[in-house]
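Biologist: Please take a close look at the ligand and what surrounds it, and then go on to the other parts that can be described.

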Amino acid sequence: MSVRKHSWAEPYKIKMVELLTMTSREERMEAIREAGYNTFLTKSKDVYIDLLTDSGTSAMSDRQWAGMMLGDEAYAGSENFYNLEEAVRKYYGYRYLVPTHQGRGAENLMSQLLIKQGDCIPGNMYFTTTRLHQELAGGAFVDVIIDEAHDPDSPHPFKGNVDLDKLDRLVQEVGSDRVPYISLEGNVNMAGGQPFSLANLRKLRAYCDEHDIAIMLDATRTMENAYFIREREAGYENHSVREIFRDICDMTDGCTMSAKKDGLVNIGGFFACNDEELFKRAQNLVVVYEGLHTYGGMAGRDMEALARGIEEAITEDHQAARIGQVRYLGEHLQNAGIPIVQPIGSHAVFLDARRFLPHLDQDEYPAQTLAAELYIEAGVRTMERGNVSAGRDPETGQNRRPALELVRLTIPRRVYTQAHMDVVTDAVVDVWNRRESIKGLKMVYEPEYLRFFQARFEPLD
Ligand SMILES: *Cc1c(COP(=O)(O)O)cnc(C)c1O
């Protein structure tokens, strides 16, 4: 790999910048108080380094921006649709494409088309919107990921693997005609951005062929998964990300895609498949929810930016810098003795708030507290993934107190520099050094649904 040898240095240079607000500690203390100690309620203008999510936050290239100017905003048959279709055929290899406004639009179509009332949909860990659409279509999600995925300390290199025994137990129990497809996600988000291996997928394919079950890929971060296979799976070190990614797609029957991640665009998504009958039904259904089948809720310019984004994202150079930057941050935190989830994933570093603030009870919301402290320390905005996100048990009304009490530091693609990562490391270490004096939070406002978005807190005295 060319001139960079061992460095993950970026394969691009910066041509336009966005100025950020530099705030004082006093201003940040006021801002987080006003936001009820919830980072989702803080204003973007008050944030210095925004690690809330990697969704739709990528920086586009000059080529993508140039493509925006070539938007063919025709209602039907936009030129940009055909360019996107060509890119999907070339790199993903699926024959048929239906664009959607973002990933969940594609999930809605696929779930409605493939799931019947009472069906079971196994998957390698749930994702929030994916599971919700499966349930809305009358199905039930069943987790068949390997046990290691639920253990933050397990160093397993492929924590995204499917446990075929768990899958077989389900199929034996309900019958394969109750299992329309398995939902297979690349670089499993909720497990910390953990990949599956090609060996695991090959076994899954053989099993599914035998039992006549389709494999539908959640392709959202699957190019990043391909990069991990190249790094970690014996026999693939000399294969390109492009070849490995194509192998993955070739072993699956179709995909849903949130282009806001791998696709290097701010909005967009699609459904793709090889079956003509399924495609025709998807093409028909998309007009109900998204728009005509040649735009599906996307502007022509956005389809063009995505077609170009796919070409850029599939390269080793991009992935080496992308994953290298996340790893750089993770390793620095690890070397400073900060407890993080292992192994370091592709899109985020997860702090283990349970071990960071062991003196706080889980009902004093250690991860929520830590996210607020990181904001106060250096204007770094992160996300709670713990007791607040997990919500209440509907039976008992008590907090679910999940095994994982985490703060997610999610890195947008091509946006921040190595020095920004150093600021983040310093901020985490500074909070670590004063951790014993940190007090927890109490919830003072709790909305009924998905409370983590809008809940408000106050410090315990
Ligand atoms: C973001 C995401 C989705 C949903 O996509 P949207 O574009 O946000 O609708 C689906 N699956 C995974 C794994 C995701 O990360």
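Modeller: An oxygen atom of the ligand lies 2.8 Å from a polar backbone atom of Gly103. This is a predicted model, and that distance, like the others below, is computed from it. Two side chains also have atoms at short listed distances from the ligand: an N or O atom in the side chain of Gln102 is 2.9 Å from a ligand oxygen, and an N or O atom in the side chain of Asp218 is 2.7 Å from a ligand nitrogen. On its own the ligand has 380 Å² of accessible area, and the protein covers 96% of that.

The shell around the ligand holds 15 residues. The closest of them are Gly103, Arg104, Asp218, Ser258 and Lys261. Sorted by type, the shell has seven charged residues, seven polar ones and one nonpolar residue. Two elements, α4 (103–114) and α5 (128–136), each give two or more residues to the shell. The most come from α4, which gives three.

Next comes a sheet. Three strands make up this open sheet, in the order β9-β12-β11, and their pairing is antiparallel. The strands at the edges are β9 (348–352) and β11 (383–385); each has a single partner strand, so one side of each has no neighbour in the sheet. On average, and with direction ignored, neighbouring strands of the sheet are turned by 30 degrees against each other.

The pairing of β9 can be followed further. Five bridges join β9 to β12 (residues 406–410), and the two run antiparallel. One residue pair can be named here: Phe350 has Arg408 in β12 as its bridge partner. A helix belongs in this picture as well, as α12 (residues 316–335) lies across β9 and β12. Its direction is at about 20 degrees to β9.

The loop between α12 and β9 contains Pro343. The peptide bond that joins Gln342 and Pro343 is cis, with an omega of about -25 degrees. In the segment before α1 (25–34) there is Lys5. Lys5 is not a glycine, yet its phi is positive, at about 50 degrees. Both details are worth pointing out because most peptide bonds are trans, and most residues other than glycine have a negative phi.

Terms used:
Residues are numbered from 1 along each chain as its sequence is written. This is a predicted model: local features need pLDDT of at least 70, side-chain atom pairs count only at pLDDT 80 or more; totals for chains, interfaces and linings use all residues. Side-chain values use heavy atoms; hydrogens and water are left out. A residue is near a molecule or strand if one of its heavy atoms lies within 4 Å of it. A polar contact is a pair of N or O atoms within 3.5 Å; within protein, one must be able to donate a hydrogen and the other to accept it, and residues adjacent in sequence count only if both atoms are side-chain atoms. Accessible areas come from the Shrake-Rupley method with a 1.4 Å probe; for residues, only the protein chains shown count as cover. Helices (H or I, at least four residues) and strands (E, at least two) are DSSP runs, numbered from the N terminus. Ala, Val, Leu, Ile, Met, Phe, Trp, Tyr, Cys and Pro count as nonpolar, Asp, Glu, Lys and Arg as charged, and the others, Gly among them, as polar. Two strands pair if DSSP finds at least two bridges between them. Axes are lines fitted to C-alpha atoms, for helices over the stretch in contact, and angles run from 0 to 180 degrees between N-to-C directions. Contact means heavy atoms within 4.5 Å.
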